[in-house]
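Student: Could you take me through one part of this model closely, the nonpolar core, and then show me what lies around it?

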Amino acid sequence: MYRVPCPGLTYVWRNLLQRKVRTGLSMLGVSVAVAGVVALISVSQGLRSSFDDYMEASGASIVVFSGEAADLVFSRVTLDDIAAIRAIDGVDSVSRVHFSAFRPGRTAGKAPALPVVFLFGRYPEERIMNKYRSFLADGRLFEKPTEIVASRFIADTLGWKVGAKVAIYGAEYEVVGLFDSDVPWENGGVIIHADVLGKQLGKTDSYTLLFIYTAEAATERVRGAIEAALPHLRAVPPRDFTNAFTDQLKLVDDFIALVTVIAVVIGVLGVLNTMMMSVAERTREIGTLRALGWSRGRILRTVLVEGLLLSGIGGAIGLVLGVLGTEALVALWSKAYLVATYLPSTFVKGALVAVLVGVSAALYPAYRAANLRPVEALRYE
Amino acid sequence: MSEEGMGGARGDGALVELRGVRRVFEGGQVVALDGVDLTLHRGQFVAVTGPSGSGKTTLLNLMGAMDLPDEGEVVFEGRPIDSLRAMERIRAERIGFVFQMHNLIPVLRAAENVEVPLVPRLPRAARRERARKLLGDVGLAHRADADVRGLSGGERQRVAIARALVNDPALILADEPTGNLDSRTGNEVMEVLHAARHRVGATLVLVTHNLEICEGADRHVVLHDGKIVGSP
């Protein structure tokens, strides 16, 4: 016999439209949950991509850092390590760098215009500085420890100009140039002499990480040689740097997972409430459908599809809201620190959240509806 | 209790048999049916009357495969109704219901309501065609796309009759279908119901308080305190 596999979609759809406000609020709940997940994942992915881009833009073949450092700040590559690396056959050049950050001071009693400014410690004569020549928007690159080069965004925000004297950690520096990087994250920083930053960090005999330049054919061999000779260090291609710092990123991933769980719970509660009320109000109607030959399975599927449709539409709206909201946040608030990257997998995850919400929230009401005895349901007032 | 009633068997065989059926509620405190034996034949019009609480609706529920007896058995077309699956199949394929309050689905249009029993079994186009034909049979072809909330009581009940007939039922169970209608509209609805029944050759079991309706019945079953006591 012919079997129609899905319930009457007209019936399901009109039931949702029947109670527009309740349906709309439930959809909104799902939308916000999905939008939140999309925004978090996109920003997290943006951070990774930005960091990867930053590393790749160095033009280096290998990035070297402490294998056991849980954070970049704790990474220490010693002078002995550097000497050993330079001695490896195939290493063309080594650029030594430090990373730090500072908080601009209050001006005229007002809060700082920026929460943080990154400090990139570099040596002017090393190869890593080559990329900034193409980014230079005004002035020149620094040559002395008393000079700095700032991103144009930082300079505009803090009111710095080329030739200005500015204070960082109590010392005075002259802004000699401005740059516009194609890596958003880098535009939140200032390039400063590595010796100055090393002293400020208390790392006069070590560096945060190294950029190693090799011929392409020698890269893998050099990478293996570094890790073999210096097992306390990690040597990775720049693109893999972010993945190599799994401890930090795992925290971000755990946070996103936690927020996703909270979002799902909120979504489930909203849809569950709607579906429970909907089923309770339609008890007699469900009894009629059962009397007219709809099986328990069909009633179950009907309520499930109703929940899925509700959360699916809410989820679709949430995906759009997530992108719009994230873009608004990036445009209005961050400009340099925050950047969002939208991967297909992000939208798949958002859609999965919506489906999960729909199924979880509709399962119990669907079970209740399917197990209503038609005789009792028809008596329901 | 043996079978009693007015009129005799007609048609070509037993459609529904109740054998020593007993149904109790509230842990046995309320006896709705008490040892009822009843055989309904194909094509009969059977009127069921009795005071409130006499077991009329329980009798209809058992014949309609919506409930199972605590004792005895209900046999439909020679097969005992003894499982939920059998009950669902019989309701879907062999029985049409007409409720006192019509029980139309408010979010569906008239034709869509008529289609409801066919949703599990037929594709949309086939159901739509059949529903429109049946609405024509009950004089509502022009109201096929109407919102049922805007129909009069008589029109709603005629839509419900079309819905009860849409699966070519062998048995139509009507629980006071004219109970909420004025007498003129009630008579019209009964005419439509009889005409429709004759077209499909179904057995009609009708619960009513209206003795005029009983006069046209092939059999008249009178219930009192869960037992068949004969004619008034």
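Tutor: Gladly; here is the core, followed by the interface and the surface.

A word on conventions comes before the details. This is a predicted model, in which local features need pLDDT of at least 70 and side-chain atom pairs count only at pLDDT 80 or more, while totals for chains, interfaces and linings use all residues. Residues are numbered from 1 along each chain as its sequence is written, chains are lettered from A in the order in which they are written, and side-chain values use heavy atoms, with hydrogens and water left out.

The largest nonpolar core has 38 residues, and those touching the most other members are B:Leu135, B:Val159, B:Ile161, B:Leu193 and B:Leu206. A nonpolar core here is a set of buried Ala, Val, Leu, Ile, Met, Phe, Trp, Tyr and Cys residues joined through side-chain atoms within 4.5 Å; buried means under 20% relative accessible area, exposed over 50%, and partly exposed in between (1.4 Å probe, protein chains only). Among the chain B elements that each supply at least two residues are β3 (45-49), α4 (124-137), α6 (183-200) and β8 (203-207). Helix α5(B) gives the most, with six residues. (Helices, H or I of at least four residues, and strands, E of at least two, are DSSP runs numbered from the N terminus.)

Now look at B:Leu135. Leaving aside neighbours within four places in sequence, B:Leu135 is in contact (heavy atoms within 4.5 Å) with B:Ala110, B:Ala111, B:Val114, B:Leu140, B:Ala141, B:Ala144, B:Val159 and B:Ala162. Apart from this core lies another, of 37 residues, among them A:Val37, A:Leu304, A:Leu310 and B:Val107.

Next, the interface: 26 residues of chain A are in contact with 30 residues of chain B. The area buried between the two chains is about 2600 Å², 56% of it from carbon and sulfur atoms; buried area is the accessible area (1.4 Å probe) that two parts lose on being put together, summed over both. On the chain A side, A:Arg14, A:Leu292 and A:Val375 lose the most area to chain B, together 23% of what that side buries.

Three salt bridges are found across this interface, a salt bridge being a side-chain nitrogen of Lys or Arg within 4 Å of a carboxyl oxygen of Asp or Glu. A:Arg290 forms a salt bridge with B:Glu88, with the closest N and O atoms 3.0 Å apart.

Finally, the surface: A:Leu25 sits in helix α2 (residues 20-57) of chain A and counts as exposed because its relative accessibility is 56%.
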